[in-house]
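Welcome, and thank you for opening the viewer. Please keep the selection tool at hand, and we will walk through the model stop by stop.

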Amino acid sequence: AVKMVQQLHDKTGAFFESQGLDPTVNSIADKELQEFRRPESLFTAYSQGVSLIEVAADHLIAFTKTITEPAQSIAPWTIARAVLEASALSSWLLDTQINAHERVKRSLALRYEGLSQQLKFVQSLGQSAEFVNKRIEEIELMAGGLGFQKLRNRKNERNGIGQVMPFITDIIRDTLNEESNFRLYSAMTHSHHWAYSQLSFRKVDETTFQENKAVLMEKHLSLESVWWLCGNVTRYFSQPIKYRCKVYGFDLESMNT
């Protein structure tokens with residue numbers, strides 16, 4: 001199972017390197033770039049989607065290390081969540097069923113979400129965030145030039161650019177249909193007892209402590225869990241790969257030869 005995940009990572013890396021950076025003639029990306037009024041915005045959307053594949057790939061390799069001796073029992077679940085999240089976001093941007101306008105709208109929403117988080121980070125350091133606010137203003141102005149309306153909440157506060165960013169759980173549900181798994185991984189990531197006590201520990205003995213029966217547990221990752229997780233991360237990572245190939249016009253079948 002581990003070898004399967006490693007091979008997927010290595011083969012996709014070699015495949016994309018052989019394909020180059022530019023979309024093929026008459027591909028979805030090629031047509032969108034010719035028709036959209038501001039190609040730079042589409043390039044940004046494509047770049048975000050491709051970068052997120054790299055993010056997912058990095059987590060994918062980290063995942064294989066957690067299930068290789070000495071294997072971990074908790075980390076594989078949390079890293080599977082990272083693979084899923086990055087893969088879903090990439091798929092959301094590289095979706096083959098949307099047009100250029102929708103792709104740019106999603107890209108703008110993700111850019112604003114990222115800048116909002118950067119703003120909070122800088123403010124938490126007690127530093128001036130003027131440069132972040134300036135960048136947000138610039139992007140909103142550019143979005144207005146493309147016909148996107150300013151987005152404000154009931155308090156007249158900016159709450160998005162292009163569109164209000166959906167919750168990541170919704171994106172994962174809509175792109176990969178993996179909401180339940182994401183919630184399970186999140187429970188592990190946030191250290192919820194009901195999750196890690198069942199998935200990352202096993203009972204080894206019982207004892208009596210101050211007249212109360214106590215169960216002794218040890219960390220454990222079952223072979224069934226390893227196979228299940230490997231199958232999942234492989235499936236997650238494969239989806240944005242397929243989308244990128246379709247959008248760019250790459251011959252995905254040649255990767256399997």
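Let us begin with a term: a residue is called buried when its relative accessible area is under 20%, exposed when over 50%, and partly exposed in between, using a 1.4 Å probe and protein chains only. Select C230 with that in mind: at a relative accessible area of 0%, C230 is buried. Now add C245, which is buried as well because its relative accessible area is 2%. How many disulfides does the count come to? With a disulfide taken as a pair of cysteine sulfur atoms within 2.5 Å, the count is zero.

A word on what you are looking at: this is a predicted model, where local features need pLDDT of at least 70 and side-chain atom pairs count only at pLDDT 80 or more, while totals for chains, interfaces and linings use all residues. Residues are numbered from 1 along each chain as its sequence is written, and side-chain values use heavy atoms, leaving out hydrogens and water.

Next, zoom out to the whole chain. Along the principal axes, its C-alpha atoms fill a box of roughly 75 × 55 × 30 Å. Colour by secondary structure and you should find 10 helices and four strands; these are DSSP runs numbered from the N terminus, with helices being H or I of at least four residues and strands E of at least two. From the N terminus on, the order is α-α-α-α-α-α-β-β-α-α-α-β-β-α. Of the 257 residues, 44% count as buried.

Now go inside. Select Y46, L108, V233 and F237: these have the most contacts inside the largest nonpolar core, which has 68 residues. Such a core is a set of buried Ala, Val, Leu, Ile, Met, Phe, Trp, Tyr and Cys residues joined through side-chain atoms within 4.5 Å. Stay on L108 and show its surroundings. Beyond its neighbours within four places in sequence, L108 is in contact (heavy atoms within 4.5 Å) with I139, M142, A143, F148, I161 and G162.

Time for the open spaces. On a 1 Å grid over the protein atoms alone, a cavity is a set of points where a 1.4 Å probe fits but cannot get out, and a pocket is an open set with protein on both sides within 12 Å along at least five of seven lines; lining residues have an atom within 4 Å of a point. Grid points are joined across faces, edges and corners, and a volume is the space filled by probe spheres set on the points.

Which residues lie nearest the centre of the largest pocket? Select F16, L21, V50, E54 and R244, which are among its 22 lining residues. This pocket has a volume of about 330 Å³. Helix 3 gives the most to its lining, with seven residues.

For the second largest pocket, of about 170 Å³, select E85, L89, L110, E113, M165, P166, F167 and I168. Helix 4 (75–94) and helix 5 (100–124) each give two or more residues to that lining.

The largest cavity has a volume of about 40 Å³. Its lining includes E140, A143, F148 and I161, and helix 6 (residues 130–145) supplies the largest share, three residues.

Finish on helix 8 (residues 179–189), where S180 lies. S180 counts as exposed because its relative accessibility is 55%. Measure from S180 to T169, C-alpha to C-alpha: they are 9.3 Å apart in space and 11 residues apart in sequence.
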